[in-house]
Amino acid sequence: MAQGRTEWRTDLDPKIQAVRGLARKYSAHLLAADGMFAGLAATTGPEHWAADGVHPTPAGHAALAAAWLRLVA
């Protein structure tokens, strides 16, 4: 993992855990986008989904929308 991304994970992982905890506490729908994108990136490479590693590409937005619809349908 690139140095910058390692630093991102150090900052991001506790926030992900906090959001997961809140979703459990309030029985809210949670789209685990981080894991979803990790799985997608394993098959095509991360740049297809988020060219800068953060902001989704059109394909990334489409994947999020489809996952959200599956989650709440």
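Which residues is Ala67 in contact with, leaving aside its neighbours within four places in sequence? In this predicted model, Ala67 is in contact with Leu31 and Met36 once those neighbours are set aside, where contact means heavy atoms within 4.5 Å.

Residues are numbered from 1 along each chain as its sequence is written, and side-chain values use heavy atoms, with hydrogens and water left out. Because the model is predicted, local features need pLDDT of at least 70 and side-chain atom pairs count only at pLDDT 80 or more, while totals for chains, interfaces and linings use all residues.

**The chain as a whole**

The protein chain holds 3 helices and 0 strands, and from the N terminus on its elements run α-α-α; helices (H or I, at least four residues) and strands (E, at least two) are DSSP runs, numbered from the N terminus. Along its principal axes the C-alpha trace spans about 35 × 30 × 15 Å. Of the 73 residues, 16% are buried, a term that stands for under 20% relative accessible area, with exposed meaning over 50% and partly exposed in between (1.4 Å probe, protein chains only). The chain exposes about 5200 Å², of which carbon and sulfur atoms supply 65%, as computed by the Shrake-Rupley method with a 1.4 Å probe. Among contacts with a separation of 6 or more, 44% join residues 24 or more positions apart.

**The core**

The largest nonpolar core has 6 residues, namely Met36, Phe37, Ala41, Trp49, Ala63 and Ala67; such a core is a set of buried Ala, Val, Leu, Ile, Met, Phe, Trp, Tyr and Cys residues joined through side-chain atoms within 4.5 Å. Two or more residues come from each of helix 2 (33-44) and helix 3 (58-72), and the largest share, 3 residues, belongs to helix 2.

**The second largest pocket**

About 180 Å³ of space lies in the second largest pocket. A pocket is an open set of points on a 1 Å grid over the protein atoms alone, where a 1.4 Å probe fits, with protein on both sides within 12 Å along at least five of seven lines, and lining residues have an atom within 4 Å of a point. The lining includes Leu12, Lys15, Ile16, Val19 and Arg20, as well as Leu30 and Leu31. Helix 1 (3-25) and helix 2 each give two or more residues to this lining, and the largest share, 5 residues, comes from helix 1. By kind, the lining divides into 7 nonpolar, 1 polar and 3 charged residues, where Ala, Val, Leu, Ile, Met, Phe, Trp, Tyr, Cys and Pro count as nonpolar, Asp, Glu, Lys and Arg as charged, and the others, Gly among them, as polar.

**Three single residues**

The table sets out where three residues lie and how accessible they are.

| Residue | Place | Relative accessible area |
|---|---|---|
| Thr57 | loop between helix 2 and helix 3 | 15%, buried |
| Trp68 | helix 3 | 40%, partly exposed |
| Tyr26 | loop between helix 1 and helix 2 | 55%, exposed |

Leaving aside neighbours within four places in sequence, Thr57 is in contact with Glu47, His48, Trp49, Ala50 and Ala51, whereas Trp68, not counting residues up to four places away, touches His29 and Leu31. The C-alpha atoms of Trp68 and Leu12, which are 56 residues apart along the chain, are separated by 21 Å. For Tyr26 and Ile16, 10 residues apart in sequence, the distance from C-alpha to C-alpha is 15 Å.

Terms used: Points joined across faces, edges and corners; volume = space filled by probe spheres on them.
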